[in-house]
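Work through the exercises below with the sequence and the structure at hand. Each task is followed by a solution in steps.

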Amino acid sequence: MKKNKQNLCSLISQVRSKVMLFGIIICSSFFVFTQLVYGFEDIGAKIEAIAKKAHSAGLKPVSEGAELATLQKGMFDKKSDFSFSEAQLELGKILYFDPRLSSDGMRSCNTCHNIAMQGTSTLDKSQNNPRHLNVPTIYNMLFNDAAYYKGQIKRHDKLDTNTSKFLSKNITARATLHALKADNEMKGNMQKIIQGITNSKEYMRYFIRAYGTKVKVDENLIAQTLAGFIMSLNVVTRFDDFLNGNLKALSISEAEGLDMFIEKGCVTCHNGVNLGGTMQPFEVIGKYKFSDLGKFGTDSNKMLKVPTLRNITATAPYFHNGGFSNLDDAIKEMGRIQIGINLSNKDIAKIIEFLESLSGEIRTITIPTLPRASF
């Protein structure tokens, strides 16, 4: 019995030694492999250098908390009574989902900028969209410097008091007012809409709750309220954490993809908070493969608004006319016509790894029950 016990202990000791040896071999192999791949360099120092390069290249994180609140409120005139209160944002959400703001009563803001589809929609290929324009996402619109592909509305425009009471830098409110009335968008009859709202006790309860008993509903107030809700639709990602100092927010491979994104020159146009949203020259080196699709050209300066890259992996198709449904092909084409380089499949895969870090969690938004009204 004693001998059997000794044998058992010896066997256990041998197994334990082999397990430990196996563990040491695995760890050593992983270490050697890592060093072979990364050239015995300090990985932490490498990632830190990439972070500094990203900041130097003009990439910026999404504002949060008090900083975001200051930015949002600063978009409105000091005389404005819009304060991003819960009641105002709730009213904005109701207006966003209300199809009665459109001429045919069939289209709401959400029809094209669908919250369930990352604030965009499938490409409309019907006669209603002769230019074959691809709907940009509504998320993080607050951080764009231009609205519409030809930049009809820009953050640094001179204030036009004849068409809007909004500050020139509030492109969200100005674009919203334009969309409400534009023939190729909502085509809303503002007089009819205002009358329908003011004649509805249910609708007016929401306006009074948001703005007080002396509220006067007009097109600017409607656009302002809609814009406030849209300006609250912002997504924070791991990339923002990375820019804010958390170097572990990105994997080594994603950080390398970011480095390649910068080195290859993608960041020249895709910069700022939204990695886009500005007016930039288009077809710099070559002609876009699908330029005849919709025959929508650039502005008078041969420039086009650059789409944001935030949530880009989930917002296909790509380019202003949706010419590419595959992100790999879109990146390859962009390299050819904008930078004049032929990106390899390996390069593209590495860049896409970085782009994955630009996707963030979309907060749940409950579809509201609309107030009774006759528009």
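A residue counts as buried when its relative accessible area is under 20%, as exposed when that area is over 50%, and as partly exposed in between. The model used here is predicted.

**Exercise 1. Describe the chain as a whole: how many helices and strands does it have, and what percentage of its residues count as buried?**

Solution.
Step 1. Count the secondary structure: there are 13 helices and 4 strands in the chain.
Step 2. Apply the burial cut-off to the 375 residues: 47% count as buried.
Step 3. Look at the surface that remains accessible. Its area is about 20,300 Å², and carbon and sulfur atoms account for 55% of this.
Step 4. Turn to contacts between residues at least 6 apart in sequence: 70% of them join residues at least 24 apart.

**Exercise 2. Examine the salt bridge of E90 and K93: where do the two residues lie, and is each buried or partly exposed?**

Solution.
Step 1. Check the distance. A salt bridge requires a side-chain nitrogen of Lys or Arg within 4 Å of a carboxyl oxygen of Asp or Glu; for E90 and K93 the N to O distance is 3.6 Å.
Step 2. Place the pair. Both residues belong to helix α4 (residues 86–97), and because they are 3 residues apart there, about one helical turn separates them.
Step 3. Classify each partner. K93 has a relative accessible area of 13%, so it is buried. E90 has 32%, so it is partly exposed.

**Exercise 3. Analyse the salt bridge of R238 and E254: which helices hold the partners, and is each partner buried or partly exposed?**

Solution.
Step 1. The side chains of R238 and E254 meet at 2.8 Å, N to O.
Step 2. This pair links distant parts of the chain, 16 residues apart: R238 is in helix α10 (residues 238–243) and E254 is in helix α11 (residues 252–263).
Step 3. E254, with a relative accessible area of 10%, is buried. R238, with 34%, is partly exposed.

**Exercise 4. Extend the survey: how many salt bridges does the whole structure contain, and which residues does K46 join in a network?**

Solution.
Step 1. A search of the whole structure gives 15 salt bridges.
Step 2. One of the pairs is R100 and D98, with an N to O distance of 2.9 Å. D98 has a relative accessibility of 0%, so it counts as buried.
Step 3. Salt bridges also form a network, which links K46 with E256 and K350.

Conventions
Residues numbered from 1 in each chain as written. Predicted model: local features only at pLDDT ≥ 70, side-chain atom pairs only at ≥ 80, totals over all residues. Heavy atoms only, no water. Buried < 20%, exposed > 50% of the residue type's maximum accessible area, 1.4 Å probe, protein only. Contact = heavy atoms within 4.5 Å. Areas by Shrake-Rupley, 256 points an atom, 1.4 Å probe, with all protein chains shown as cover.
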